[in-house]
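Please open the structure in your viewer and keep the sequence beside it, since this tour moves from one selection to the next and says what is there at each stop.

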Amino acid sequence: ASVSEFADQALITAPLSAVHGTVVNLYAVWKEERYSVTFKVDGTHGKLKGAYSSQMLEAVGATERTFNNVPHGTVITFEAVPDEPVYDAQWMSTPAVTLTPDSSNAHKKTLTVMKSTVITVSFKLIDEITGSHSEPWALLKKWVQEAPEGSTLKIKGRITATHESVNSGEISIDKALTIEGDAAGGGSAETNILDANGTAGGKPG
């Protein structure tokens with residue numbers, strides 16, 4: 001028996017058989033949709049990791065990475081890793097897709113692939129520090145080091161130095177910076193405090 005192939009949605013004008021009463025079997029053959037997913041970092045201060053199946057790729061600097069021939073519905077996991085904790089990842093996709101946050105890791109997002117796209121992450125200096133952070137004084141010291149001239153930081157709660165060497169010590173400021181309480185977040189001068197905790201026993205100076 002002869003076999004003919006027809007393009008999807010094509011109009012068939014020729015007869016399928018020249019013999020009246022012939023049984024003609026028609027079969028629909030489905031092709032799995034596959035896509036490419038590219039990811040990259042815009043700027044510096046971190047890297048972007050991607051994991052799909054057994055592949056693990058890393059984009060840093062001007063390097064782009066791409067997962068090719070990704071089946072429709074596949075889940076890809078991305079992790080934005082800042083060089084320093086004072087940088088937060090900003091995510092963008094073109095064309096836009098849904099990136100689902102990981103409930104156990106704020107640096108991770110997952111993508112269920114429905115089309116080809118480009119994922120871009122940029123790392124921006126944080127603009128707020130809360131007293132609930134595990135090492136708020138250390139975070140403040142690093143922010144002062146990294147912040148460009150004219151930057152503004154809001155503090156929320158008590159930012160306290162402790163006896164651990166990493167979360168204590170002098171903070172030297174040699175540029176114009178603004179550090180202010182987060183009044184909009186419900187705080188006040190009495191609750192938004194920088195506490196060097198100079199009397200803590202055994203705390204390094």
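## A first pair of strands

Begin by selecting Y35, which stands opposite V70 in β4. Five bridges join β1 to β4, and these two strands run antiparallel; strands are said to pair if DSSP finds at least two bridges between them, and the elements themselves are DSSP runs numbered from the N terminus, with helices (H or I) of at least four residues and strands (E) of at least two. Before going further, note that this is a predicted model, in which local features need pLDDT of at least 70 and side-chain atom pairs count only at pLDDT 80 or more, while totals for chains, interfaces and linings use all residues. Residues are numbered from 1 along each chain as its sequence is written, and side-chain values use heavy atoms, with hydrogens and water left out.

## The open sheet

Now select β4, β1, β9 and β6 in that order, because four strands form an open sheet in the order β4-β1-β9-β6, with mixed pairing. The edge strands are β4 and β6, each of which pairs on one side only. Neighbouring strands of this sheet are turned by 20° against each other on average, direction ignored, where the axes are lines fitted to C-alpha atoms (for helices over the stretch in contact) and angles run from 0 to 180 degrees between N-to-C directions.

## A hairpin and its aromatic neighbour

Next, select residues 46-52, which are strand β2, together with residues 55-60, which are strand β3; the two pair in the antiparallel sense over six bridges. They form a hairpin with two residues between them, and S53 in the turn has a positive phi of about 55°. The bridge partner of Y52 in β3 is Q55.

Keep Y52 selected and add F67. The structure holds three aromatic pairs, a term for rings of Phe, Tyr and Trp (its six-membered ring) whose centres lie within 6.5 Å, with planes under 30 degrees apart counted as stacked, over 60 as edge-to-face and the rest as tilted. Y52 and F67 form an edge-to-face pair, at 5.5 Å centre to centre and with 75° between the planes. This pair links distant parts of the chain, with Y52 in strand β2 and F67 in strand β4 (residues 65-71), 15 residues apart. Are these two residues buried or exposed? Y52 counts as buried because its relative accessibility is 11%, and F67 counts as buried because its value is 0%; buried means under 20% relative accessible area, exposed over 50%, and partly exposed in between (1.4 Å probe, protein chains only). If you add F39 and F78, you see a cluster in which ring pairs link F39, Y52, F67 and F78.

## The nonpolar core

F78 also leads into the largest nonpolar core, where, of 33 residues, L48, I76, F78, I119, I129 and W143 touch the most other members. Such a core is a set of buried Ala, Val, Leu, Ile, Met, Phe, Trp, Tyr and Cys residues joined through side-chain atoms within 4.5 Å. Helix α1 gives the most to this core, with five residues. Select W143 and leave aside its neighbours within four places in sequence: among its contacts (heavy atoms within 4.5 Å) are V86, L125, I129, L153 and I179.

## Two salt bridges

Finally, select K142 and E84, whose side chains meet in a salt bridge (3.8 Å, N to O), meaning a side-chain nitrogen of Lys or Arg within 4 Å of a carboxyl oxygen of Asp or Glu. For a last stop, R158 and D195 meet in another salt bridge (3.3 Å, N to O). R158 lies in strand β12 (residues 158-160) and D195 in strand β14 (residues 193-195), so the pair ties together parts that are 37 residues apart in sequence.
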